[in-house]
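Me: I'd like to go through this one with you, a question at a time. Ready when you are.

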Amino acid sequence: MSEQDTQTNPEDTQAPEDGQEENQRTDDPMSDLSELEKIKKELEAEKAKAAQELEEGDEEDEDLREVDYLQKVIDLCVKFDHHVGVFLMAGYIDCGLKYNHQLADSYMKHLATIQGFLRLLEKVDGVTRETVTKDCIVRMRNVIQEIHKHLVKPVFKEVGLMKKKPNMENLEKFQSEWNERLNELQNACDFEYQILDVKKFMVS
């Protein structure tokens, strides 16, 4: 045997090793599988994070809507109180009719109490806020119903029977503001209740 035949060519020995390594990579699917699993877990983690951020964003939007809704109900309470204490009283005086201050004050105190509860809700969690807001709307509707029955209807009935119409400026102002507020209250009721009607307390 010649010396050439007995010497090993380094390139000849390296080639099979590379081929063998390539075969090992293709023959070992577990390495590719583990890589895929790793990528899958990373994607799932990203998906979960995105879902959480989206959910938190929705909750924030919902909370802002609740706060906005609550503020509208508080404003309604304040305005109804004002209409009864200012415009309605002035309307009674213009017509020469006796205004029942004691009765009107009791209604306004009810409205002030409801308003106080609503203002407290600005500092509590959403579930409590929603529950108590619903209760306050029902109570406000009941007070409006009593005001309409005992203070609003009587004065308009008396004015309707008068041959000589008195100064109607304050009463007309009360009527337009009262009806406008009732429309707003109806929208608030429709938001939480489907059948809570307040439009029947309007003055025509």
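Me: Is Asp 135 buried, partly exposed or exposed?

Reply: Keep in mind that this is a predicted model. Buried would need under 20% relative accessible area, and exposed over 50%. Asp 135 comes out at 36% relative accessibility, so the label is partly exposed.

Me: Which residue forms a salt bridge with Asp 135?

Reply: Side chains of opposite charge can pair when their charged atoms come close. Here the two residues sit four apart in helix H5 (residues 126–161), about one helical turn. The closest N and O atoms are 2.8 Å apart, and the partner is Arg 139.

Me: And what is the relative accessible area of Arg 139?

Reply: Arg 139 counts as partly exposed, because the value falls between the 20% and 50% cut-offs. The relative accessible area is 48%.

Me: Over in helix H6, how far apart are N and O in the salt bridge of Glu 177 and Lys 173?

Reply: Glu 177 and Lys 173 are four residues apart in helix H6 (residues 169–192), so about one helical turn separates them. Glu 177 is buried at 17% relative accessibility, while Lys 173 is partly exposed at 37%. Their N to O distance is 3.4 Å.

Me: Which residues are linked with Glu 177 in a network of salt bridges?

Reply: Glu 177 also forms a salt bridge with Arg 181, at 2.8 Å between the closest N and O atoms. Both of these residues are buried. Besides Glu 177, the network links Lys 173, Glu 180, Arg 181 and Glu 184.

Note on methods. Residues are numbered from 1 along each chain as its sequence is written. This is a predicted model: local features need pLDDT of at least 70, side-chain atom pairs count only at pLDDT 80 or more; totals for chains, interfaces and linings use all residues. Side-chain values use heavy atoms; hydrogens and water are left out. A salt bridge is a side-chain nitrogen of Lys or Arg within 4 Å of a carboxyl oxygen of Asp or Glu. Buried means under 20% relative accessible area, exposed over 50%, partly exposed in between (1.4 Å probe, protein chains only).
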